[in-house]
Amino acid sequence: MISAGDGRLVIDPELCIGCGDCITSCPSGSMREKSRGYRIFAGGKFGRRPSLGKRILGVLRTKEEAMEAILAVLDFFRVHGKPRERFGDTLQGTGYPALETFVKRRTGLG
């Protein structure tokens with residue numbers, strides 16, 4: 001969320017992760033969700049060197065679409081991952097665009 005300078009707040013869709021926290025925390029109750037769906041983030045990890053995952057695909061509208069995309073992500077890892085390698089490390093080698101292209105081709109989503 002960013003300030004519009006005149007007291008209004010504007011949601012930047014590029015930064016929005018679709019969590020809905022802005023809706024539940026809106027003091028006036030004036031915010032409403034336009035649609036529901038799922039977003040997939042890939043490649044994040046915790047630990048000594050944490051990293052945030054990156055969003056792939058657009059908003060998936062159904063649970064079935066989300067599961068189909070997740071299964072395609074797992075297939076991507078089976079094809080491109082090396083033994084004992086973390087998924088985020090695989091993505092650093094292949095790049096996120098390769099993952100997204102693979103998932104789109106496998107599922108027809110995007």
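These legends go with a set of close-up views of a predicted model. In this model, local features need pLDDT of at least 70, side-chain atom pairs count only at pLDDT 80 or more, and totals for chains, interfaces and linings use all residues. Residues are numbered from 1 along each chain as its sequence is written, and side-chain values use heavy atoms, with hydrogens and water left out.

**View 1. The largest nonpolar core has 17 residues.** A nonpolar core here is a set of buried Ala, Val, Leu, Ile, Met, Phe, Trp, Tyr and Cys residues joined through side-chain atoms within 4.5 Å. Buried is under 20% relative accessible area, exposed is over 50%, and partly exposed is in between (1.4 Å probe, protein chains only). The members that touch the most other members are Ile56, Leu60, Ala69, Phe87, Leu91, Leu99 and Val103. At least two core residues come from each of strand 3 (38-42), strand 4 (54-60), helix 2 (63-80), helix 3 (87-94) and helix 4 (96-107). Helix 2 is the top contributor, giving 5 residues. Helices (H or I, at least four residues) and strands (E, at least two) are DSSP runs, numbered from the N terminus.

**View 2. Here is Leu91 with its contacts from further along the chain.** Leave aside the neighbours within four places in sequence, and Leu91 is in contact (heavy atoms within 4.5 Å) with Ala42, Gly43, Phe76, Tyr96 and Leu99.

**View 3. Asp75 has two arginine partners, Arg78 and Arg106.** A salt bridge means a side-chain nitrogen of Lys or Arg within 4 Å of a carboxyl oxygen of Asp or Glu, and the count by this rule is 2. For Arg78 and Asp75, the closest N and O atoms are 2.6 Å apart. Those two sit about one helical turn from each other, because they are 3 residues apart in helix 2. For Arg106 and Asp75, the closest N and O atoms are 2.9 Å apart. Arg106 lies in helix 4 and Asp75 in helix 2, so this pair ties together parts that are 31 residues apart in sequence. Shared partners join Asp75, Arg78 and Arg106 into one network. Arg78 is exposed at 61% relative accessible area, while Arg106 is partly exposed at 45% and Asp75 is partly exposed at 23%.

**View 4. Met67, Ile70, Leu71 and Leu74 make a nonpolar surface patch.** The patch covers about 340 Å², with areas from the Shrake-Rupley method and a 1.4 Å probe; for residues, only the protein chains shown count as cover. Patch residues have over 30% relative accessible area and no salt bridge; nonpolar side chains (Val, Leu, Ile, Met, Phe, Trp, Tyr) are joined within 5 Å, and like charges within 9 Å. Met67 belongs to helix 2 and is partly exposed, at 44%.

**View 5. Cys22 and Cys26 are shown with their sulfurs 8.2 Å apart.** Cys22 holds the cysteine sulfur closest to that of Cys26, but the gap is too far for a bond. The whole structure has 0 disulfides, a disulfide being a pair of cysteine sulfur atoms within 2.5 Å. Cys26 is buried at 16% relative accessibility, whereas Cys22 is partly exposed at 22%.

**View 6. Leu52 is in the loop between strand 3 and strand 4.** Leu52 is exposed, at 78% relative accessibility. Its C-alpha atom is 19 Å from that of Ala69, 17 residues apart along the chain.
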